[in-house]
Amino acid sequence: PTPTERLPLGFPIGLEQLLEEDPDVIFLFASNKKRAFTMNPIWSHLRAVREGRVYEVGHHWKEGVGPTARDLMLQEMAHRLYPDLFEMPALADHLKSRSYQ
């Protein structure tokens with residue numbers, strides 16, 4: 001909602017607004033803490049939760065501002081959504097296929 005901010009990759013959203021939007025897929029940053037919102041009764045009513053399409057992603061997604069990082073994030077997203085069609089990207093393989101001269 002704030003494209004003028006430096007990294008508009010995600011934003012905090014309240015559960016009621018999330019229920020209104022009812023997304024097909026949810027990507028969450030990895031956390032070692034218990035997520036209180038997942039114990040809220042609203043959480044289980046979200047389509048993404050009911051259909052098992054909630055994915056935890058690494059914190060490297062927060063730093064994905066360059067073209068290589070964005071490309072890797074999109075490849076990872078494709079893999080998580082369609083694992084039979086797309087392999088999980090590997091940074092080393094990705095760098096081998098590029099020319100950085």
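This passage describes the fold, the core, the salt bridges and a surface patch of a predicted model.

The protein has 101 residues, and 21% of them count as buried. Its secondary structure consists of four helices and two strands. Along the sequence these elements follow the pattern α-β-α-β-α-α. The accessible surface of the protein amounts to about 7700 Å², and carbon and sulfur atoms contribute 55% of that area. Among contacts with a separation of 6 or more, 54% are between residues 24 or more positions apart.

The two strands are β1, residues 26–29, and β2, residues 54–57. They pair in the parallel sense, with four bridges between them. Within this pairing, F27 is placed opposite Y55 of β2. The side chains of β2 alternate along the strand. Y55 and V57 point to one face and are buried, whereas V54 and E56 point to the other face and are not buried.

The largest nonpolar core contains seven residues, namely L15, L18, I26, L28, W43, L46 and A48. Helix α1 (15–21) and strand β1 each supply at least two residues of this core. In soluble globular proteins, nonpolar side chains tend to be buried together. One member of the core, L46, has contacts with L18, L19, D22 and I26 when residues up to four places away in sequence are not counted. L18 and I26 are themselves listed in the core.

Four salt bridges are present in the structure. In one of these, R47 is paired with D22, and the closest N and O atoms are 3.6 Å apart. This pair connects distant parts of the chain, since R47 belongs to helix α2 (residues 47–50) and D22 to the loop between α1 and β1, 25 residues apart. R47 also forms a salt bridge with D24, where the closest N and O atoms are 2.6 Å apart. Here too distant parts of the chain are linked, with D24 in the loop between α1 and β1 and R47 in helix α2, 23 residues apart. R47 has a relative accessible area of 28% and is therefore classed as partly exposed. D24 is likewise partly exposed, because its relative accessible area is 43%.

A further salt bridge joins the side chains of E76 and R80, at 2.9 Å from N to O. Both residues lie in helix α3, where they are four residues apart, or about one turn of the helix. E76 is buried, because its relative accessible area is 6%, below the 20% limit for that class. R80, with a relative accessible area of 21%, is partly exposed. As for the salt bridges that share partners, they join D22, D24 and R47 into one network.

On the surface, Y82, L85 and F86 make a nonpolar patch of about 340 Å². L85 is located in the loop between α3 (67–81) and α4 (91–96). The relative accessibility of L85 is 66%, so the residue counts as exposed, the limit for this class being over 50%.

Methods
Residues are numbered from 1 along each chain as its sequence is written. This is a predicted model: local features need pLDDT of at least 70, side-chain atom pairs count only at pLDDT 80 or more; totals for chains, interfaces and linings use all residues. Side-chain values use heavy atoms; hydrogens and water are left out. Patches are made of residues with over 30% relative accessible area and no salt bridge: like charges are joined within 9 Å, nonpolar side chains (Val, Leu, Ile, Met, Phe, Trp, Tyr) within 5 Å. Accessible areas come from the Shrake-Rupley method with a 1.4 Å probe; for residues, only the protein chains shown count as cover. Buried means under 20% relative accessible area, exposed over 50%, partly exposed in between (1.4 Å probe, protein chains only). Two strands pair if DSSP finds at least two bridges between them. A nonpolar core is a set of buried Ala, Val, Leu, Ile, Met, Phe, Trp, Tyr and Cys residues joined through side-chain atoms within 4.5 Å. Contact means heavy atoms within 4.5 Å.
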